[in-house]
Amino acid sequence: MPLLFKTPEGLAPSLSLRAVGLYLGEMPALTGEGLRFPDRVQPLDLGWHLPLNYYGPGGTIRTISAQDLFDGGAAAAAVKDRLVLLGVTATGVGDRFSTPFDQILPGVEALATGVSNLLDGSALIRDGTVRRVDAAAAILITVAGMAAAAFFPLAVASIFFVLLLCGWLAAVTLMLGEGYWFSAALPLAAGVPPVIGLAILRQVFDRYQLKRLETVQDALSRFQAPALARRIAEDPTFLLEPREQDAAVLFVDLAGYTGLSEQMGPAGTREFLKAFHTIVVNETERHNGLAMSFMGDGAMICFGVPDPGPSDAVNAWQCTFDLVREVGKWMAGTGLRSGVGALRAGVHFGPVVLSRLGHEHQQQITVTGDCVNVASRLMEVAKAHDSLVAMSSELMEAASREARADLQAPRTETVAIRGRQQAMEVGLWTALEAEATKPVVPAN
């Protein structure tokens, strides 16, 4: 409620302020702090406005009919020595005001509320200090909300911002009970738009980053095995320290590939190898293996990398013979002459070292150790003994334990391994024997 009006003759007190001066016998002094009464100072809002503290809905302030007052009697006695405001009800003048209690408080009762607030000192306090606290709260809530939206996950940031707003609303409600009128709307108006805007920008940026990371991971998976690419994307520190573990290592290559590439030429050879590598990858993934590298017509496949499992040896056994069969079917469909492109395999089970090799700025994840060397040499053993598959006894024993079955080779021999001092027992399979080998299903 304004207490001063600017008129052509200068500043004039409002009806409420003038009524209070008449009632007290002297006009309260206007100061920079508010209204100075003999016994107190009433703080005012900007422009010497009085923040009204309504006592209740319409009718809370006693109302007496003017006719009853003219008639005398009890009505006249009720207003003796009291300040009375005369209000006139008229249709269509819009002399109605909204309050926290109702929407239809008559204007005369609003004026009476202002007069009473000034006389008993019950007006709400909303001065410069309160407004500065409002502004500081709006800034702090906005900055805190934007910081949360920028650095925290959006779900956490949203909850944090809502809790800040709820905390401020609770404080506003509590202080209102103490007679202080803080703004509940200002922090909402100041904080919600920029925080929501930043959250939308953050979501767009996060989606862009996610799409970019997916593109990078997809590109990386084309040069690294997908399982390793995912692990590196999730944990860039993966294998900073080498790790030793048991694994099955399978080497495969195509017999007669040199002559085959001479027949096909560079372009035809590329298409041929692409189809061959596709079969290798499909069968490897179907048996939970990992194609670590391709070397022309050859490939190194590992089972138990990057993490060892209870069926690594059985998976290697099954994948070896399934590859022989699938490559044989594919070769039969290519129309190439018999004997060209038959698959040869060497497979061994034992400890390997999983690590990063290469330059500091160009590294490759691979497995090393005696197990890898032996698996590679077993392909030579298969070729020397006119066989397609050469499998170490260590792998056959491990697969037998995992499958709980007696897995034996059609033919076993103790052979010397080039570059290795100790001879080893090896299972050998010819073409027909390899094609007849049934997949092994581990026991539950």
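Biologist: Let's start with β4: which residue there is the bridge partner of A29?

Modeller: Bear in mind that this is a predicted model. An open sheet of three strands runs in the order β3-β4-β5 with antiparallel pairing, and its edge strands are β3 (29–30) and β5 (41–43), each pairing on one side only. Between β3 and β4 (residues 34–36) there are two bridges, antiparallel in sense. For A29, the partner in β4 is R36.

Biologist: And S14, is that one buried or exposed?

Modeller: S14 sits in the loop between β2 (10–13) and α1 (15–24). Beyond its neighbours within four places in sequence, S14 is in contact with P2, L3, L4 and F5. Buried means under 20% relative accessible area. S14 comes in at 4%, so the verdict is buried.

Biologist: Which backbone oxygen lies 3.4 Å from a polar atom of the S14 side chain?

Modeller: Start from the contact list of S14, which includes P2 and F5 once the neighbours within four places are left aside. The backbone oxygen at 3.4 Å from a polar atom of the S14 side chain belongs to P2.

Biologist: Moving on to β13 (residues 389–392), which of its residues are buried on the side opposite V389 and M391?

Modeller: In a regular strand, side chains alternate between the two faces of the sheet. Strand β13 is covered on both faces, with V389 and M391 buried on one of them. The buried pair on the other side is A390 and S392.

Biologist: Which residue of β15 stands opposite M391?

Modeller: β13 has pairings to sort out here. Strand β11 (residues 343–359) runs parallel to β13 over three bridges, with G346 partnered by A390. Strand β15 (residues 424–429) runs antiparallel to β13, joined by four bridges. Opposite M391 in β15 stands G427.

Biologist: How many of the residues of α10 are buried?

Modeller: Helix α10 (residues 312–334) has 23 residues and reaches 32 Å from first C-alpha to last, close to the expected 33 Å. Just after α10, G335 takes a positive phi of about 80°. The helix is mostly covered, and the buried count out of 23 is 17.

Biologist: How far does α5 reach from its first C-alpha to its last?

Modeller: Helix α5 covers residues 128–151, 24 residues in total. Its buried residues include V130, D134, A137, A138 and I141. Residues three or four places apart in an α-helix point the same way, because there are 3.6 residues a turn. As for the span of α5, it is close to the 34 Å expected at 1.5 Å a residue, and the value itself is 34 Å.

Biologist: How many residues apart in sequence are the parts tied together by W168 and F182?

Modeller: W168 and F182 form an edge-to-face aromatic pair, 6.1 Å centre to centre with 80° between the planes. Both W168 and F182 are buried. W168 lies in helix α6 (residues 154–177) and F182 in the loop between α6 and α7 (185–221), so the separation of the parts they tie together, in residues, is 14.

Biologist: Over which ring does the charged end of R231 sit?

Modeller: There's a charge-over-ring arrangement at R126, whose charged end is 5.7 Å from the centre of the W181 ring. For R231, the distance to the ring centre is 4.9 Å, and the ring belongs to F238.

Biologist: What separates the C-alpha atoms of A112 and G87?

Modeller: A112 belongs to helix α4 (residues 107–120) and is buried, at 16% relative accessible area. Setting aside neighbours within four places, A112 is in contact with I61 and L85. G87 is 25 residues from A112 along the chain, and the distance between their C-alpha atoms is 10.0 Å.

Biologist: Which residue does a cis peptide bond join to V305?

Modeller: Look in the loop between β10 (298–303) and α10, the place of P306. The cis bond there has omega of about 5°, and the partner of V305 is P306.

Biologist: Last one: is D81 buried or exposed?

Modeller: D81 lies in the loop between α3 (74–78) and β6 (96–97). Its phi is positive, about 60°, although D81 is not a glycine. The cut-off for exposed is over 50%. With a relative accessibility of 67%, D81 is therefore exposed.

Definitions and conventions. Residues are numbered from 1 along each chain as its sequence is written. This is a predicted model: local features need pLDDT of at least 70, side-chain atom pairs count only at pLDDT 80 or more; totals for chains, interfaces and linings use all residues. Side-chain values use heavy atoms; hydrogens and water are left out. Buried means under 20% relative accessible area, exposed over 50%, partly exposed in between (1.4 Å probe, protein chains only). A polar contact is a pair of N or O atoms within 3.5 Å; within protein, one must be able to donate a hydrogen and the other to accept it, and residues adjacent in sequence count only if both atoms are side-chain atoms. Contact means heavy atoms within 4.5 Å. Two strands pair if DSSP finds at least two bridges between them. The expected span of a helix is 1.5 Å times one less than its number of residues. Rings of Phe, Tyr and Trp (its six-membered ring) pair if their centres lie within 6.5 Å; planes under 30 degrees apart count as stacked, over 60 as edge-to-face and the rest as tilted. A charge sits over a ring if NZ of Lys or CZ of Arg is within 6 Å of the ring centre and within 35 degrees of the ring normal.
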